[in-house]
Amino acid sequence: MEMSMTSVAGTHEIKVLGVNKVFGDAETGVVALKDIDLTIQHGEFVCLLGPSGCGKSTLLNAVAGFSLPSTGDILVKDVSVTKPGPDRGMVFQEYALFPWMDVAKNIGFGLEIKGTPQAEREAIVERLMQKLGLSDFRNRFPKDLSGGMRQRVAIARVLALDPPIMLMDEPFGALDALTRRSLQDELLRIWEEERKTIIFVTHSIEEAIYLGSRVVVLTYRPGTVKTDITIDIPRPRDTSSAAFNDMKRKLGALVMEEHQRFSEDERRGGTFD
Ligand SMILES: Nc1ncnc2c1ncn2[C@@H]1O[C@H](COP(=O)(O)OP(=O)(O)OP(=O)(O)O)[C@@H](O)[C@H]1O
């Protein structure tokens, strides 16, 4: 499968402007994010990378509108984010499926709430089940699915609402290596076909380089932008190529610096959790 690097860049979609986030008291609280500025264009695949506690989820949740910045602003298409909205779909690591609904119902649930007519709803669910290889599992319940299948359902459920922006918080973190790679490939295919803007949180340097058109490395507390780098390795990316490994070394050194700060904090019995 030939994949090009071309995304429909040009129009900015998300602007993070001087964002700070403090949990707790302004004086004594945890500064999770400090002076974050980012502009993300339509069609970019941005990976947020960094060790535990550097504020990746905090930043993603702020873009999602789940937890707003203490100061600064986040704009989506020039409109300030104040709450979650249908333009931003979130996929979590923990699947977040409804255990009492089968696969087809889980995928169609958001459409049902939205009042999409049944015939249209069924057509969308059908298309997504085919796209994600779920057709044979349509009547299964989440408890009878593997982790990889559950995550496919979670992705299909977000895609059903067709948000231009997908926010993904370590969605493949709990999967084994082979399942993870096949879901990464499916996500890339969907990104290409559906022209989504994706912000994807990961701990994994290899995953960030494999997926991202851009990788943003955050520093360990307070979370600031340490590096913001375009990944222009041609797709499909060969993880054993020299270019891939050069990038891995470069980003690995940067992430390691932050990981050491995290470890020192941990040794001091630090305040992280
Ligand atoms: N609700 C909260 N109350 C207090 N502190 C919080 C809260 N949420 C996050 N933090 C703190 O903010 C910092 C950033 O947390 P965040 O979860 O965003 O990091 P992360 O990079 O996503 O880490 P991980 O990869 O472990 O999820 C951490 O030090 C964390 O302890």
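Domain bounds here come from an automatic or database domain assignment. Keep in mind, too, that what you're looking at is a predicted model.

Let's start with the overall layout. The assignment splits the protein into domain 1, which covers 10-87 + 165-233, and domain 2, which covers 95-162. If you take the C-alpha centres of domain 1 and domain 2, they sit 25 Å apart. Where the two domains touch, domain 1 puts in 10 residues and domain 2 puts in seven residues. On the domain 1 side, helix α5 supplies the largest share, with four residues. Sort that side of domain 1 by class and you get eight nonpolar residues, one polar and one charged.

Now zoom in on α5 and one of its partners. Helix α5 runs over residues 177-194, and it packs with helix α4, residues 147-160. Their axes are 10 Å apart and meet at an angle of about 15°. Angles under 35 degrees count as roughly parallel, so α4 and α5 are roughly parallel to each other. As for handedness, the crossing of these two helices is right-handed.

Which residues make the contact between α4 and α5? From α4, look for Gly147, Gly148, Gln151 and Leu159. From α5, pick out Thr179, Leu183 and Ile190. By class, the residues of this helix contact come to three nonpolar and four polar, with no charged ones. So if you're clicking through the model, the α4 and α5 pair shows you a right-handed crossing with no charged residues in the contact.

Conventions:
Residues numbered from 1 in each chain as written. Predicted model: local features only at pLDDT ≥ 70, side-chain atom pairs only at ≥ 80, totals over all residues. Axes fitted to C-alpha atoms, helices over the stretch in contact; angles between N-to-C directions. Parallel < 35°, antiparallel > 145°, perpendicular 65-115°, else oblique. Left-handed = near helix turned anticlockwise from the far one by under 90°. Nonpolar A, V, L, I, M, F, W, Y, C, P; charged D, E, K, R; others polar.
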